[in-house]
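Student: I am new to this structure and would like to look closely at a single part of it. Could you take me through one helix and its surroundings, step by step?

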Amino acid sequence: MRFPLTRPIARTRARDLFDLVAGFTYSQTLAACVATGLLERLADGPQTTESVARQIDLPRAGAERLLRAARALGLVESLGAAWALGSAGAALLGNRGIAEMIAHHHLLYADLGDPVALLRRGGGGGALSGHWRYAESAGEGDGTDVAAYSALMAASQPLIAQQVLDAYPFRKHRRLLDVGGGEGAFLAAVAQRAPALELGLFDLPAVGARASARFDSAGISARTHVYGGSFLTDPLPPGYDAITLIRVLHDHDDAPALHVLRAVHAALPPGGKLVIAEPMAGTPGAKRSGDAYFGLYLLAMGSGRPRTPREIKAMLRAAGFAKSSLVATALPLTTRVIVGTR
């Protein structure tokens, strides 16, 4: 710190270390902004502290404290005596899935209140796994079990779907089966990009019912088929020359994940394609999101782990796929794509 040439390095490292120490307060500031609806209020235009306080039901001092903290994080900005939406806040509002993730993070925070205990018990058994009990089950689930999980996945799907559709040409296929496709948000996006493609969705019966309703609303029921079953125990329907696993593999431990890959291999014809899309560990420029965020999130959920592209490719070889390749995406932080060929 005392030497002029190394002082910038020391200051940067001190700031990075402090961010690690104080990161939980940043997350809680973000959670407060989402819980109070602060960002939505400012999306209508600049407002005074008094106006914000009335709308989000906080005392003036509490509203000002939150606004100042949010300003420090780039979520809001001050314009004289008024407050306006900041660039980070606008980006958050533009992707509803992020807000949905933040809204349920209090469950993850509860599990991470004692991270050592979570690590010692091997994951699960806490607040987050209780919320995702469908994910910890042996492939069963009723409407109550799957509703929260399916709704969150659907809300966070648009950005993921856009990247996958930009990265891979689904138009070249005749029939596409989305395994673990949830409410059908991804297939609905594919339907717009590839209007001649026949579509199929395979998921638990209760999830499939939600997908059917979405397809009806989107007017694509005539070109879709919904299969109810568990990919952990039931064979996948044949006749599709392309199959997708969108944020499915990392939700499962190695043994069930390999089982899914083998089931996909058995269902595909020779030369058929498997498209895997999910956040991956070891992503250049985004390593924290892999092992630090998803590593602990999936541990608390009770199932799965983030994997590097090399690990996924090794699993594809073990499942019988002839070759695989990593395909570039626009935002690797949230989505990377691997294509396997049977």
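Student: Is Glu 50 buried, partly exposed or exposed, and what is its relative accessible area? Please start there, and then go on to helix α4.

Tutor: Before anything else, please keep in mind that this is a predicted model. Glu 50 has a relative accessible area of 35%, and because buried means under 20% and exposed means over 50%, Glu 50 counts as partly exposed. Its partner is Arg 60, and the two form a salt bridge in which the closest N and O atoms are 2.7 Å apart. Since Glu 50 belongs to helix α3 and Arg 60 to helix α4, the pair ties together parts that are ten residues apart in sequence. Arg 60, with a relative accessibility of 40%, also counts as partly exposed. As a general matter, side chains of opposite charge can pair when their charged atoms come close.

From Arg 60 we can turn to the helix in which it lies, α4. Helix α4 runs over residues 60-72, and at 1.5 Å a residue its 13 residues should span 18 Å, which agrees with the 18 Å that separates its end C-alpha atoms.

The next step is to ask which way its residues face. The buried residues in α4 are Ala 63, Leu 66, Leu 67 and Ala 70, and because they cover an arc of only 100° around the axis, they lie on the same side of α4. The spacing along a helix helps in reading this: an α-helix has 3.6 residues a turn, so residues three or four places apart point the same way. The buried residues of α4 pack against the helices α1, α2 (38-42) and α3 (49-56), and also against the strands β2 (76-79) and β3 (82-85). On the face turned away from this buried side, α4 carries the exposed residues Ala 61, Arg 65 and Ala 72. After α4 comes Gly 74, whose phi is positive, near 80°.

One of the packing partners, α1, deserves a look of its own. Helix α1 covers residues 7-36 and includes Leu 20, which counts as exposed because its relative accessibility is 60%. Together with Leu 17 and Val 21, Leu 20 makes a nonpolar surface patch of about 320 Å².

To bring the picture together, α4 has a buried side that packs against α1 and other elements, a face turned away from that side with exposed residues, and, through Arg 60, a salt bridge to Glu 50.

Key. Residues are numbered from 1 along each chain as its sequence is written. This is a predicted model: local features need pLDDT of at least 70, side-chain atom pairs count only at pLDDT 80 or more; totals for chains, interfaces and linings use all residues. Side-chain values use heavy atoms; hydrogens and water are left out. Patches are made of residues with over 30% relative accessible area and no salt bridge: like charges are joined within 9 Å, nonpolar side chains (Val, Leu, Ile, Met, Phe, Trp, Tyr) within 5 Å. Accessible areas come from the Shrake-Rupley method with a 1.4 Å probe; for residues, only the protein chains shown count as cover. A salt bridge is a side-chain nitrogen of Lys or Arg within 4 Å of a carboxyl oxygen of Asp or Glu. Helices (H or I, at least four residues) and strands (E, at least two) are DSSP runs, numbered from the N terminus. Buried means under 20% relative accessible area, exposed over 50%, partly exposed in between (1.4 Å probe, protein chains only). The expected span of a helix is 1.5 Å times one less than its number of residues. The arc is that of the directions from the helix axis to the C-beta atoms. Contact means heavy atoms within 4.5 Å.
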